Amino acid sequence: MKKYFPFILLFFLIIGQSSRAQDMCLKRMTWLNGNWKSMVNGTLVTDEWTEAGSGSIKCRSFEVKGNDSTLVERATIRCVAGKLVFTFFPVQSEHGESLMPVSYALISEDNGVFIFENKQQKVPQRVIYRHSKENEYQTSLEGMAGDKEMKTRSEEHTSELQSH
């Protein structure tokens, strides 16, 4: 057993370092944790961001109409090889068929602006988070239609809590 001890110790040191690196990677986005609300085409949408463990946070978005709420989107932000990746999980298409998740890699981070991109997508190719104030952020979805750049949606989110 003594001859294996250095290898076992090294294994746990590597695992611990990897876990800390993932925690530091994700720490840049933990301001999202909490409940947020926005208006999309006149409909109230609430986003619930929570830590999901294993270096990720997850979001569930609901449309609220009266006393009813409907799950409309799911997403995660996780660390993959030390880089942030945003993954969108569509609930279903307009025609009811299931859709595949789409991932976007972080390509830029500057002064509270996080730009995730997937050039293989038509629209959106970019998902942009702008953390402007402690209890506020904006999202934008952008992409290309032929040679023309277009913004498909822009939303302002406010926190239901006073601090994050």
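Is Lys65 buried or exposed? Select Lys65 and you'll see that it is exposed, with a relative accessible area of 53%; here exposed means over 50% relative accessible area, buried under 20%, and partly exposed in between (1.4 Å probe, protein chains only).

**Before you click on**

What you have open is a predicted model, where local features need pLDDT of at least 70 and side-chain atom pairs count only at pLDDT 80 or more, while totals for chains, interfaces and linings use all residues. Residues are numbered from 1 along each chain as its sequence is written, and side-chain values use heavy atoms, with hydrogens and water left out.

**Stop 1: the whole chain**

Switch to cartoon. You should find one helix and 10 strands, in the order α-β-β-β-β-β-β-β-β-β-β from the N terminus. Helices (H or I, at least four residues) and strands (E, at least two) are DSSP runs, numbered from the N terminus. Of the 164 residues in the chain, 35% are buried. Now turn on the surface: its accessible area is about 10700 Å², with 53% belonging to carbon and sulfur atoms. That area comes from the Shrake-Rupley method with a 1.4 Å probe; for residues, only the protein chains shown count as cover.

**Stop 2: the core**

Select Met29, Leu32, Trp49, Ile77, Leu84, Phe116 and Tyr129. These touch the most other members of the largest nonpolar core, which has 23 residues. Helix 1 (5-27) supplies at least two residues of this core, and so does each of several strands, including strand 4 (68-80), strand 5 (83-90) and strand 7 (113-117). A nonpolar core here is a set of buried Ala, Val, Leu, Ile, Met, Phe, Trp, Tyr and Cys residues joined through side-chain atoms within 4.5 Å.

Zoom in on Met29. Leaving aside neighbours within four places in sequence, Met29 is in contact with Ile57, Ile77, Leu84, Phe114 and Phe116, where contact means heavy atoms within 4.5 Å.

**Stop 3: walking the strands**

Start at strand 4 and strand 5, which run antiparallel and are joined by eight bridges. (Two strands pair if DSSP finds at least two bridges between them.) Pick Ala75 and look across to Phe88 in strand 5, which stands opposite. The two strands form a hairpin with two residues between them. One to click in that loop is Ala81, which has a positive phi of about 50° although it is not a glycine. Most residues other than glycine have a negative phi. Ala81 is also exposed, at a relative accessible area of 79%.

Carry on to strand 6, joined antiparallel to strand 5 by four bridges. Thr87 and Ser103 make a good pair to label, since they stand opposite each other.

Strand 6 then meets strand 7 through five antiparallel bridges, with Glu109 opposite Phe114. This is another hairpin with two residues between its strands, and Asn111 in the turn has a positive phi of about 50°. Asn111 is exposed, with a relative accessible area of 75%.

Stay on strand 7 for a moment. Four of its five residues are buried, so strand 7 is largely enclosed by the rest of the structure. Its antiparallel pairing with strand 8 covers five bridges; select Ile115 and its bridge partner Ile128.

**Stop 4: salt bridges**

How many salt bridges does the structure hold? There are five, each being a side-chain nitrogen of Lys or Arg within 4 Å of a carboxyl oxygen of Asp or Glu.

- Arg60 and Glu48: the closest N and O atoms are 3.0 Å apart. Arg60 is in strand 3 and Glu48 in strand 2, so the pair ties together parts 12 residues apart in sequence.
- Glu63 and Lys65: back to the opening residue, with closest N and O atoms 3.9 Å apart. Glu63 is partly exposed, at 28%.
- Glu142 and Arg126: the closest N and O atoms are 3.4 Å apart. The pair links strand 9 to strand 8, 16 residues apart, and both residues are buried. Add Glu117 to the selection: salt bridges that share partners join Glu117, Arg126 and Glu142 into one network.

**Last stop: Asp47**

Select Asp47 in strand 2 (residues 43-53). At 6% relative accessibility, Asp47 counts as buried. Its side chain makes a polar contact with the side chain of His157 (3.3 Å). Such a contact is a pair of N or O atoms within 3.5 Å; within protein, one must be able to donate a hydrogen and the other to accept it, and residues adjacent in sequence count only if both atoms are side-chain atoms. Not counting residues up to four places away in sequence, Asp47 also touches others, among them Trp36, Cys59, Arg60 and Tyr137.
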